[in-house]
Amino acid sequence: MRRTVPRRSWAVGALVAVTALGLGRAVIGAGPLPTAASKKAKAQDKAAPKIEEAVGDLAYVFENGETTVEGVGLVSNLDGTGGDAPPSWQREQLVDDMNKAGIDHPSKLLESKQYAMVIVRMKIPTGGSPRDRFDVDLELPPASSVKSLAGGYLMFTRLREVLHTGGGPKQGTDLATAIGPVMIGDAKDPNNPKAGRVLGGGRVKKEHPFKLILKDDRRFIRNAKMVESVVNERFHQNEHGQQKGASTAKTDTFLELRVPAVYHQNQQRYFRVVQLLPMVDTPQLREQRLKATAAELLDPKTSGMAALKLECFGPSAAPALEAGLKSEDAHVRFFSAEALAYLDQSSGVETLGKTAIELKQYRAYALAALAAMEDPAARAKLRHLMDEPDIEVRYGAFNALRTLDPTDAMLGQVRILDEPPRDEMEEDNGGDGMTALIQSRRARPDDPFSLYMVESDGAPVIHVSRSRRSEIVLFGRAQNILPPLVLGEGDILLNAADHDDGVDISKIVPSRFGSEMKVRSSLDLGDVIRQVARLGATYPEVVAILEAAERQKNLPGALFVDSVPKANMQYLSKALMGKDEMPKADSEVKPASGSFIRRMFTRGRGDSEPTKTADKSAQKSSSKDDDVASDADGDKISAKKDDALKRTSGESAEASESEGDRRPRLLDVFRRRND
């Protein structure tokens, strides 16, 4: 039998307690065990910006997103080619919208041959703002009885995101609107009468800002706030009387990044400057960096990147950049002048003007820099450049000046349609206050396209656009059409015998008696264009008349189509990436959806020369380049076709391209305020 000793069990327990106490003290002496909070604090300290780091070491700009919006619209003004649409949720929505707008018997109106229901679609790229204009695509619903959208006008249409699910469509809030004259055709078939585009007819209702995405190992709210502070210290602007920064930290993952107005035409430059902003800055560091970067500016191999770094300093870098203007190297002078322009310093204006004329690879960027300035010297230089013989310089300067100030008198914009006539009763009232009120409320007719007659000392030139805007620019006033001529397009006929001092313009009016409308115009080309438009000719029809006149040698000058300065990869390499060789893919500088080159000049077409419509040999030599072109961001763009606006050399529809679904946004980089 085993005997139990009580004192022994007590002793064992005491020994265990003493041992545990000793171990506890040992642990306490070594410090507390790591917690999740302490681990996070250590990770934050490790991820904190270093003295040599810039914003680009912590974050990158995300630019490639886009939002597709759509709506149901009504096209009016059709010449008996419209018709009703089959029952659908879209038709029900349109009828409901028309009822809300106070339109009587909307279903009966939709049966009219003068109207057509259409599906309206538009893409909003990241960075889109209410200042931008976008092309809008139209298509007919399945089984529509409409024969053609030619000559139509898209009435005001609201656009929103639509999610098509098995339970029916789900629509979000209104994001954009669309309105304007219709140009028939789409990317697949430019002559398709049952599809259409409204050039520059779309507007977004609010900003769609870019995002600064923090890199995976730097995702802490403290870092996001530091990036916000660094960006806003350099970039801020006055909005409605309040000073607002360009960035806003939303989470520990990303910040919203808005583009200041001065960079609206060259957004990639802005993104690069943001990425080069130093995260840690002191007066001593700033002085050291400024001195070192000023030396780099004078070296042609590093001048492009150095100019961007100096731009980070703001106006205090002006003396260093002005020293670059004295360099013997043309590249150094240009990069210095460009950075000065974005600091709104006029000292580089002459250099930018000379660059636009002499250095084709930097032409578009020099013009965009001039368009970004508020200084009167930039405006004067652009006016002077509109006299240059090179059509790229000439039209590029015109486009830049319009971007800088759409109301500038030197643009020479003229009205096409007459003001509405006063009623006899209004005349009898002697112009009292009520009459003035009636007149102010009277609907002013919209011009079917824009017409500019520019005072210019250069040779006479006619320029037309085929994307994002319906526009004719006559460089040189008093351009007289050359008789004899017999021209016709659709139901419009122009006739002038040799030695005539005017042009007879007639329009065949379908009727049982075969009547026609007739007007007489002077030989002045601007007057001829206005009279033809007043008879109802659409923009494509007017352009076709100009094409025919070019072929018959009736025009006083050469006719060009979309002769805009092109993006150049040498600039992107030297200026934005700091390399002398052609750049490879760079994850830190992603293609901008609203890049500089696509916005100001209406779409790049690779490196092919401006399209002078009478030069057929140039047409052949550039056909390969048009198959695959590069836009301002270096993206590959398949050349599409557009026969609605053929080139005036007489080339076929197969040789033209369409960019109805591409953005607006090199001068599709010049649109700082309005296009």
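**Notebook: strand β8 and a helix pair**

I began at a single pairing and noted that Ile184 stands opposite Gly196, the latter lying in β8. I keep in mind throughout that this is a predicted model.

Next I looked up the strand around that pairing, and found that β7, residues 183-184, is joined to β8 by 2 bridges, with the two strands running antiparallel. I then turned to another partner of β8, which is β4, residues 134-139, and I recorded 5 bridges between β4 and β8, again in the antiparallel sense. For Asp137 I wrote down Arg197 in β8 as the bridge partner.

How many of the residues of β8 are buried? I found that 9 of the 10 residues in this strand, which spans 195-204, are buried, and I therefore entered β8 as mostly covered, taking buried to mean under 20% relative accessible area.

I moved on to two helices, α13 (residues 363-371) and α15 (residues 391-404), which pack at an angle of about 25 degrees with their axes 8 Å apart. Because angles under 35 degrees count as roughly parallel, I noted that α13 and α15 are roughly parallel to each other. I also looked up the handedness of their crossing, which is right-handed.

Which residues meet where these helices touch? From α13 I listed Arg363, Leu367, Leu370 and Ala371, and across from them in α15 I listed Glu392, Val393, Gly396, Ala397, Ala400, Thr403 and Leu404. Sorting the residues of this contact of α13 with α15 by character, I entered 7 nonpolar, 2 polar and 2 charged.

Notes: Residues numbered from 1 in each chain as written. Predicted model: local features only at pLDDT ≥ 70, side-chain atom pairs only at ≥ 80, totals over all residues. Heavy atoms only, no water. Axes fitted to C-alpha atoms, helices over the stretch in contact; angles between N-to-C directions. Helix = DSSP H or I, 4+ residues; strand = E, 2+ residues; numbered from the N terminus. Parallel < 35°, antiparallel > 145°, perpendicular 65-115°, else oblique. Left-handed = near helix turned anticlockwise from the far one by under 90°. Contact = heavy atoms within 4.5 Å. Nonpolar A, V, L, I, M, F, W, Y, C, P; charged D, E, K, R; others polar. Buried < 20%, exposed > 50% of the residue type's maximum accessible area, 1.4 Å probe, protein only. Pairing = 2+ DSSP bridges.
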